[in-house]
Amino acid sequence: TTTTTTTTHQHQMVHDPRVTTCLARLGGVYRDPARVDRDASSVLKSSVGTHLVPIVAEMFENNGSRSNVLVLQGTIAIHFRANTYQILMDVYLPNGYVSVE
């Protein structure tokens, strides 16, 4: 008797606990918090996001409304003519993230 064992490798995304903590503070701001967590964590774990940190900050809309949202804040490295420059960056994820229009 031959027994065959099939192992399925599941890719499991490891979330950044700092993002998860911020999202917990925001409550129900996002329609798909798992997607926001996955996308923000992915950026933070990439080479581009090594100097970004997630925070909760107030976002002001053009219509005058405001709400607390997740922000990735810090610097992004830009390489130009053999030099590296750290550019200040605040990336706001609005409460409608991700919406299809």
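Let's start at the surface of this predicted model. Here Ile78, Phe80, Tyr85, Ile87, Met89 and Val91 make a nonpolar patch of about 490 Å². Two strands, E2 (66-80) and E3 (83-93), each give two or more residues to this patch. Strand E3 gives the largest share, with 4 residues. If you would like one residue to look for, try Ile87, which is found in strand E3 and belongs to the nonpolar patch.

Now let's turn to a pair of helices. Helix H1 covers residues 17-26 and helix H2 covers residues 33-45. Their axes come within 9 Å and cross at roughly 145 degrees. The crossing of H1 past H2 is right-handed. Which residues make the contact between H1 and H2? The table lists them helix by helix.

| Helix | Residue range | Contact residues |
|---|---|---|
| H1 | residues 17-26 | Arg18, Val19, Thr20, Leu23 |
| H2 | residues 33-45 | Pro33, Val36, Asp37, Ala40, Ser41, Leu44 |

What classes of residue take part in the contact of H1 with H2? There are 6 nonpolar, 2 polar and 2 charged residues. Among the contact residues you can pick out Leu23 on H1 and Leu44 on H2.

Definitions and conventions
Residues are numbered from 1 along each chain as its sequence is written. This is a predicted model: local features need pLDDT of at least 70, side-chain atom pairs count only at pLDDT 80 or more; totals for chains, interfaces and linings use all residues. Side-chain values use heavy atoms; hydrogens and water are left out. Axes are lines fitted to C-alpha atoms, for helices over the stretch in contact, and angles run from 0 to 180 degrees between N-to-C directions. A crossing is left-handed if the near helix is turned anticlockwise from the far one by less than a right angle, and right-handed if clockwise. Contact means heavy atoms within 4.5 Å. Ala, Val, Leu, Ile, Met, Phe, Trp, Tyr, Cys and Pro count as nonpolar, Asp, Glu, Lys and Arg as charged, and the others, Gly among them, as polar. Patches are made of residues with over 30% relative accessible area and no salt bridge: like charges are joined within 9 Å, nonpolar side chains (Val, Leu, Ile, Met, Phe, Trp, Tyr) within 5 Å. Accessible areas come from the Shrake-Rupley method with a 1.4 Å probe; for residues, only the protein chains shown count as cover. A salt bridge is a side-chain nitrogen of Lys or Arg within 4 Å of a carboxyl oxygen of Asp or Glu.
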